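Here is a friendly walk through the model shown below. Keep the structure open beside the text as you read.

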Amino acid sequence: MLAIRGLTVAFGRRPPAVRDVSLDLDAGQRLGIIGESGSGKTATALAIMGLLPEYARVTGSIRLDGTELVGLSDREMSGLRGDALSMVFQEPMTALDPTMTAGRQVAEAFRLHRDRDVGRARTAVIDMLAAVGFDDPDRIADSYPHQLSGGQRQRVVTAMALVNRPGLVICDEPTTALDVTVQATVLRVLDEVLDAAGASCLFISHDLAVVSQLCSSVVVMLDGEIVERGTTEQVFHRPQHPYAAGLVATARLDLLEPGTRLPTVADHLRGAS
Amino acid sequence: MLARLGIFVASLLAASLVIFVITQALPGDVAAAILGFGATPEQLAAKRAELGTDRPFLIQYADWIGGVLHGDFGRSWYSDIPVATLIAPRLEVTSSLVLLGLALALVIALPLGAVAALERRQWQGFTTSALAQFGMAIPAFWAGILLVFVFAVTLRWFPANGYSPLARGLGPWASHLVLPVVALGAVQGAVLIRYVRSAFLEVLGEDYYRTARSIGWTRWRALARHGVRNAALSLVTVLGLQLATVIVGAIVIERVFVLPGLGSLLLDMVGRHDLIVVRGVVLLLVFVVLLINAAVDISYALIDPRLRTSGRA
Amino acid sequence: MKRAELWVGGALVATVVAMALLSFVWTPFDPTAVGSGTRLAAPGWPHLLGTDHMGIDTFSRILAGARSALYVGIIAVGIAALVGVPLGLATAWLPRWASEIVMRGIDVAYAFPALLLAILLAGVFGGSTETAMIAIGVATIPAFIRVTRAGALSVLSADYVLAARASGTPVPAIAARHVLPNVAHLIGVQASVSFAMAILAEAALSYLGLGTPPTVPSWGRMLGDAQTYLVSHPLQAVWPGLAIAAAVLGFNMVGDGLRDFLDPKLREVA
């Protein structure tokens, strides 16, 4: 359903942040994109959403259900955003408008694409908030962001992204800013609602362990390029690229013999060169 | 809230003291100024007693403030008419001019500030910013003079000067105010554009703006929907601070268009050194500015729900 | 582009300064002599911009008017900076409650813009260049206090200043050695912008007849005179306005250009 060919993103005169990236995603499939900050994973996500700053130059092709997204006007792209594809951002503390109740913000997404009627939007919002695991969706809907915890906000953001049951959901480090215990809840909720919506998912993270919980396949990005791709299983157990091997080693500290030094990604990269 | 009220009262007292010191202590002997050189010592003493200027300074101040609190601003030294009576009929003129001027400034600055922020890398944004820069450099009274020449003298669309009270009909009132309001509001609008631009630029960098975009708002509608509310906090502050400038601008504009407002009264009485009237008018203007700024502080809580629940205001 | 702003602004300011300097040694006609030419002559030769209602050459008067504008600007900004900068530095060191009082005082001062203060003073002492300069200067002090204080506070929390304070360097030495050089550019920007505002205020006061006296050429008063003859001689109301706008534009552009040029933090975020 999503086919990316030769995607390159460049800002100003600097070297491209994303270089010749190609990806395929089937309906309902979940693909993890792993890489450290600056590896181009977020730029890739924003390119698909059409949310890069205007001065970014995007070349290549991004097709969603056969529609070419590269070169669409902001108006055309806005018709798709939040409807055919949506995004869950990584900053739960700041991703919501502080001056509006959570419910109203979720309702905006619904009313923009589905039904202008306020009453029916409210019903959809309450259902969606219940689906992301809130026991008291009415109270959450009438709360302002500052009255909610980080985990609660992240679930509200998830509800905004999924209220229209988009075909593609891009998650950009949705749990990075959260406590480990809260992370688990949010990941479980995400897993459930993605399943319920039958949505495909691009899951961006620097954390291999988190990706492995949700995704069937993985690509690894380094300096704007894809250096490794395969099923989660393959990448996890038989990484080919030294950088990927390094990521696996740092993720699988449980395999480490007590008393040995902690591995770093650099150990593996240096060994390769 | 209570603390803000206290600050307001303290500010007002401080401001009134400043006005009083300047108009009462600095000029020297007011009685001599009124009676002129030919006055005998007896006449002077009688006049001082009449004006109360022979008493201790703080008593005079307390007297004045006490009167003001009851709506008694004293009597004009020049015409012996109560100051409040002089002020009352002029309130409509000045408040019409200031309110409409501010409204026009906002109507100009909000959309143009949005263009300047959203299209800052395009020619539209550049042009708007340049326009603002030029607008800021134009004295409002010069704009007024040029407007009179074009629209009153040459085209004869609007009267060149004078005022028609609202009570005598909306049409004449409006047509007398068009040129003064444009002169005052357009220049003020140019000043506001930069504030609106930077407030909007801040919003454009916020995560919630990106979230709004991600659910399908276009750039403009995301800004209208989420930008204005969030920028309102800083814009309301700026508007409060600009109010003093607008009021002062209105004083000059009243002179350009011969509008019988507070500004004209003030300038006439300055010319006659009728300090009791000057003092009353200035106190009234300063009172309005301080009051609006206190209201601005309190209005934060209405705009920002975070301040509402934490009880800070 | 920001550099261009600085250049254009600088050129405008230089022009105004050159006009003022030139008028001391040479003007086409005497800018004060009544009846030196035909009354209300049209622009042409020898009166490039025409003459006013008293027969004074407008071009000469515009040149000499630059003096009044700059004179008031320099004195007013000088007063504001000389009082405001030390006060701003001092409040950066004051205990919280004391600086709170100063800041509240500044809030009150904002209710007295330059023009209102000048009108008040004119009511007491009569309008003159001096009352105008003092009023504009005093009304501008708060802006300098704010800017200096904000800059000083951010410098004071920097590590190298903390180190200097910890090692017992006396306060005035820290202020002179570390703080002042680091806030100098902020003060420069403020001075430039305040200069523009001072020129506008002086023009308005002279227009109202409360500033520069009638005998001394000033752009604001020229506009006031021209308004009387607006119907027949509208061009006389154009020249002084253009001069004011050019001077104000110049100082504002220099201020903006300096700000963007010197402070990379304020450059636009991507």
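## The parallel pair β3 and β9

Ile33(A) has Val219(A) as its bridge partner in β9(A). This is a predicted model, and that pair is a good place to begin. The two strands involved are β3, residues 30-34 of chain A, and β9, residues 217-222 of chain A; four bridges link them in the parallel sense.

Helix α1(A) packs on the sheet here, where it touches β3, β6, β7 (168-172), β8 (200-205) and β9 of chain A. The direction of α1(A) makes about 145° with that of β6(A).

## The six-stranded sheet

Stepping back, we find an open sheet of six strands in chain A, in the order β6-β7-β8-β3-β9-β10, with mixed pairing. At its edges are β6 (85-88) and β10 (225-231) of chain A, each of which pairs on one side only. From one strand to the next, the twist averages 15°.

Follow the order from the β6 edge and you meet β6(A) and β7(A), a parallel pair with four bridges. Leu85(A) has its bridge partner in β7(A), namely Leu168(A). Next, β7(A) runs parallel to β8(A), and five bridges join the two. Here Asp172(A) is matched with Ile204(A), its bridge partner in β8(A).

## A covered strand

How many residues of β7(A) are buried? Five of its five are, and the strand is mostly covered. In a regular strand, side chains alternate between the two faces of the sheet. For β7(A), both faces are covered. Leu168(A), Ile170(A) and Asp172(A) lie on one side, Val169(A) and Cys171(A) lie on the other, and all are buried.

## The four-stranded sheet

Chain A also has an open sheet of four strands, ordered β2-β1-β4-β5 and paired antiparallel. Its edges are β2 (18-25) and β5 (67-68) of chain A; each has a single partner strand, so one side of each is left without a neighbour in the sheet. Helix α1 (residues 41-49) of chain A packs on this sheet as well, touching β1 (2-11), β2 and β4 of chain A. The direction of α1(A) makes about 110° with that of β1(A).

Strand β1(A) has seven of its ten residues buried, so it is largely enclosed by the rest of the structure. Towards β2(A), β1(A) has five bridges in an antiparallel arrangement, and Leu7(A) stands opposite Val21(A) of β2(A). The hairpin made by β1(A) and β2(A) has six residues between the strands, and within it Gly12(A) takes a positive phi near 55°. Towards β4(A), β1(A) pairs in the antiparallel sense over eight bridges. There, Ala3(A) has Arg63(A) of β4(A) as its bridge partner.

## From β4 to β5

Arg63(A) also stands opposite Glu68(A) in β5(A). Strand β4 (residues 56-64) of chain A is joined to β5(A) by two bridges, and the two run antiparallel.

The loop between β4 and β5 of chain A holds Asp65(A). Asp65(A) is not a glycine, yet its phi is positive, at about 50°. Most residues other than glycine have a negative phi. Is Asp65(A) buried or exposed? Its relative accessibility is 56%, and a residue counts as exposed over 50%, so Asp65(A) counts as exposed.

## Chain B, helix after helix

Chain B has 14 helices and zero strands. Of its 313 residues, 51% count as buried. Along the principal axes, the C-alpha atoms of chain B fill a box of roughly 85 × 60 × 35 Å. Take the contacts in chain B between residues at least 6 apart in sequence: 71% of them join residues at least 24 apart.

The exposed area of chain B is about 13800 Å², with 68% of it supplied by carbon and sulfur atoms. Chain B has 24 positive and 17 negative charges, and the mean positions of the two groups are 14 Å apart.

Finally, look at the loop between α8 (140-154) and α9 (170-204) of chain B, where Arg156(B) is found. Arg156(B) has a positive phi, near 60°, in a residue other than glycine. With 66% relative accessibility, Arg156(B) counts as exposed.

Key. Residues are numbered from 1 along each chain as its sequence is written. Chains are lettered from A and ligands numbered from 1 in the order in which they are written. This is a predicted model: local features need pLDDT of at least 70, side-chain atom pairs count only at pLDDT 80 or more; totals for chains, interfaces and linings use all residues. Side-chain values use heavy atoms; hydrogens and water are left out. Two strands pair if DSSP finds at least two bridges between them. Contact means heavy atoms within 4.5 Å. Axes are lines fitted to C-alpha atoms, for helices over the stretch in contact, and angles run from 0 to 180 degrees between N-to-C directions. Buried means under 20% relative accessible area, exposed over 50%, partly exposed in between (1.4 Å probe, protein chains only). Accessible areas come from the Shrake-Rupley method with a 1.4 Å probe; for residues, only the protein chains shown count as cover. Lys and Arg count as positive and Asp and Glu as negative; His and the chain ends are not counted. The place of a charge is taken as NZ of Lys, CZ of Arg, CG of Asp or CD of Glu.
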